[in-house]
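The exercises below ask you to read a structure from its atoms, and each is followed by a solution that goes step by step. Try each task before reading on.

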Amino acid sequence: MSFITKIFGDENQKVLNKLQPIVDKINQLEGKSKRLSNKQIREKTEEFKERLKNGESLDNILPEAFALVREAGKRTLGERLFDVQILGGVVLHQGKIIEMKTGEGKTIAATCPVYLNGLQGEGVHIVTVNDYLSRRDTSWMGPIYNLLGLSVGCIQHEGAFLFDPKYEEPEESNKSNQLDSSEIKTVDVKHLRPIPRQEAYLADVTYGTNNEFGFDYLRDNMAWELDQIVQRELNFGIVDEVDSILIDEARTPLIISAPDTGSTKMYYQFARVVPKLEENEDYNIDEKMRAVTLTDQGIDKVENILGTKDIYDQERVEIIHHLEQALKAQALFKRDKDYVIKNGEVIIVDDFTGRLMFGRRYSEGLHQAIEAKEEVEIKQESKTLATITFQNYFRLYKKLSGMTGTAATSEEEFRKVYNLDVAVIPTNEPMIRKDTPDVIYKTEDGKFKAVVDEIKRRYEREQPILVGTVSIEKNEKLSNLLRKANVPHQILNAKHHEKEAKIIARAGLKEAVTIATNMAGRGTDIKLGKGVVGFGGLHIIGTERHEARRIDDQLRGRAGRQGDPGSSQFYVSCEDDLMRVFGGDKIKNIMDRLGLPNDQPIRHKLISKSIESAQKKVEGYNFDLRKHVLEYDDVMNRHREVVYKKRRNILENFQNLKKNILDMTKNEIRQIVLAHTNSEDKSIWNTEEICEVVNTIFPLPHDAHGKLLEIVKSRTSLDRIREQIISYLTNLAQKAYEEKEKEIGSNLTRQIEKVVLLRTIDTLWIDHLDAMDRVREGIGLRGYGQRDPLVEYKNEGYKMFQNLLASMQNNVVYSFYKVGIVKKESPMESKNVQMQGAAKTSSEDSSKGASVSSVPVRKKKIGRNAPCPCGSGKKYKYCCWTKDHGYK
Ligand code: ADP
Ligand code: MG
């Protein structure tokens, strides 16, 4: 045991010891709960709510509430929560992460803190990794909450449900449940009554995936009407499989985007050029950093091929950027490993979980570059409308906790990034699984041969075997080999969650051979079949070490649940990615020198050590990457908070926006006046210019300039005069406002106020997202010498944000008074705009998004690549764009 784990272990024990008295108390209350009738249980809930209202704390109520949940679990599911589950529940309530081994019953353990916190009536979210698990857990735990008197909602990618025991699904949708006829039964997904999304969020408890919760948050902040908003304030969240969600998936932010009309020709062109370049001459690859850089020679070569010698510097930067993405797509991103092609689309494979990330796209043009390389249709470049990282989304909860079978090795990241402590909960029964040390082969083929032999041997003894692979590609390779060896098997790719859950549930039956990528079937329990205990239980074979130890532990954890027998063995080869990048060559050389044949393995402490240190290195590197994403998103996060708050205010104070706009007008007038009267010599004040500018906001009366001259003439202090000018003009603005309102009516005016404000905020915000993205890229390209790019990004971000706020005022004021004239720009128009690109958790159709979409129309916008309207002949983005957008 290392020093660290010893300390951690001791600390952990201390934390748990402190909680033991609470568990004891809950045990003492068991008899009392037992005597309650079902009706009395529900009355208890009302009583608790009352007591909370009267100021009693949740902690005070905890023992009684937990004892009541235990009783409800016994009556509905016939399961009595073990003490360790109660203990885990207490830690969850405290807002920490529990590591509780697979199969220990985290689903039911969570019902205790969910119930307790649900009593407050502010909502509790339980976050799962896929839609199937949300449905399953709603149906599974629904009866407990129902008996207790709490409502349970479930949000899905398409649709939302409420758990209602009286509701029976129509025949059709029940088919999948009826297939369940073998020895092992999975949870029936039923009693889910379709309801509007808002109602699912109004339930006391809501199950859903991280994606759905996150996208709803973003969509709510794009809403144009209050009643389109579905979420309440985020109160308490429990994240199941928390390592998968807060660590593995946290590398890809959520993005809602809409297509932009960009040029796709360039991508195809570059995809054809790139294969003509030579590695190490024209470009360099750094596999460890996953980076590709062009050499000068390479750039020259490309320019010759393209015939673009004399180009602007900035244009060149853009070309280089595209080229490097094309190179990256070619050299570093492999089909069926990093992504798959499905229905002519490039779909990212999460390299940690093997899951297909439908709807997610690589950023900065890389996705398009891969599409070009694969010669599939390039999805139009899309414009980001809203984005957030999971880290920042989950920080919005007042209280957050999580659970998983594997958290301890990532304890540092949970603490540093999320401020979440990890507590390891002991197992209910002692763990007796046998984990044997890794064996290492010289070649991958040698390794796979050994794996197949081993599977066959155990299969013939009728022992169930679960084989984990790191990718779909490896899955298929192994499947072919097994077919040749006449071993029947099941193959799971984390593609169809529900179907695969049913298969994995049977992975512990006699003779079952199941091959799965590491995310497939996560969350589904593997019970052993009859007689299997006698064969030594489930045997786990890992065909490669994963980048993170955590993922290997997950695989191992599939065996040995609740005191079952079981065993595990990892097979490694010098040709595995992890080994290749981190010192596999050395080991291979040693094996060559020893004259070992390909199919003869070695087992050595040194090697196991070097594998583990490689894993730690990669873990650290990936942690840094995620931290990096977060540090940059933190800058944006502050901007997002401010802008979303402004937006929400507008929706909520829809009837009082007139004052906002008049205030803005006043500020704007003040700025104009001060700018033209800054001299101490009032004879050179430019009153004419003041009138001209203000006249572009609203029409001034003909005598306005005369009036200003009169005011200037007066013999009072310069400051007084300035104020008088301001108030004269402000009064005129107010008058213009009133006239406009009279002309078009109050109702329409209220509408226009809202539309102008929202449209301005949204338009500029979207541009800001884009601009910040480019700054980030630019900083990467420029190379800041000694300066810290993040600091540069923050500085520039700050300036841009100040400009954004200024432009918002400016745009509102300069457009509001004119909108009435352009009658066509009615708020209705915004309804026609479509939203696209909300990422999906499953391959199903995603038309749902359309109903909430109301993205501002940007009609008169000049394309960034269009010729600049000033007539310079340059492209707009290299000419007046920055100026027009308020950036220096
Ligand atoms: P985890 O999420 O921790 O991997 P699950 O919540 O899927 O585990 O539960 C695993 C299995 O253990 C389920 O079949 C569940 O019914 C069973 N189980 C959980 N808690 C208990 C209990 N207290 N008594 C009996 N069975 C239990
Ligand atoms: Mg689970």
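A residue counts as buried when its relative accessible area is under 20% and as exposed when that value is over 50%, with partly exposed in between. The model is predicted.

**Exercise 1. Which residues of helix H24 are buried, and which are exposed on the other side?**

Step 1. Helix H24 spans residues 584–593, and applying the cut-off of under 20% gives Gly-584, Ile-587 and Met-591 as its buried residues.

Step 2. Viewed down the axis of H24, these buried residues lie within an arc of 65°, and therefore they line one face of the helix. The spacing fits a general rule: an α-helix has 3.6 residues a turn, so residues three or four places apart point the same way.

Step 3. On the other side of H24, the exposed residues are Asp-585, Lys-586 and Arg-593.

Step 4. The cover over the buried residues of H24 includes strand S17 (434–441), together with helices H23 (577–581) and H25 (605–652).

Step 5. Just after H24, the backbone at Gly-595 adopts a positive phi of about 70°.

**Exercise 2. Describe the surroundings of ligand 1, starting from the residues of its shell and ending with the area that the protein buries.**

Step 1. The shell around ligand 1 holds 18 residues, of which the closest are Glu-79, Arg-80, Gly-103, Lys-106 and Thr-107.

Step 2. Sorted by type, the residues of this shell comprise four nonpolar, six polar and eight charged.

Step 3. Helix H6 (residues 106–109) contributes the most to the shell, namely three residues.

Step 4. Now look for side-chain N or O atoms paired with ligand 1, for which the cut-off is 3.5 Å. An oxygen atom of ligand 1 lies 2.8 Å from such an atom of Lys-106, a nitrogen atom of the ligand lies 2.9 Å from one of Gln-85, and an oxygen atom of the ligand lies 3.0 Å from one of Asp-525.

Step 5. Taken alone, ligand 1 exposes 570 Å², and the protein buries 87% of that area.

**Exercise 3. Summarise the protein as a whole: how many helices and strands are there, and what share of the residues is buried?**

Step 1. The protein contains 32 helices and 22 strands.

Step 2. Of its 888 residues, 54% are buried.

Step 3. Among contacts with a separation of 6 or more, 77% join residues 24 or more positions apart.

Step 4. The protein exposes about 40,200 Å², and carbon and sulfur atoms supply 50% of this area.

Methods
Residues are numbered from 1 along each chain as its sequence is written. Chains are lettered from A and ligands numbered from 1 in the order in which they are written. This is a predicted model: local features need pLDDT of at least 70, side-chain atom pairs count only at pLDDT 80 or more; totals for chains, interfaces and linings use all residues. Side-chain values use heavy atoms; hydrogens and water are left out. A residue is near a molecule or strand if one of its heavy atoms lies within 4 Å of it. A polar contact is a pair of N or O atoms within 3.5 Å; within protein, one must be able to donate a hydrogen and the other to accept it, and residues adjacent in sequence count only if both atoms are side-chain atoms. Accessible areas come from the Shrake-Rupley method with a 1.4 Å probe; for residues, only the protein chains shown count as cover. Helices (H or I, at least four residues) and strands (E, at least two) are DSSP runs, numbered from the N terminus. Ala, Val, Leu, Ile, Met, Phe, Trp, Tyr, Cys and Pro count as nonpolar, Asp, Glu, Lys and Arg as charged, and the others, Gly among them, as polar. Buried means under 20% relative accessible area, exposed over 50%, partly exposed in between (1.4 Å probe, protein chains only). Contact means heavy atoms within 4.5 Å. The arc is that of the directions from the helix axis to the C-beta atoms.
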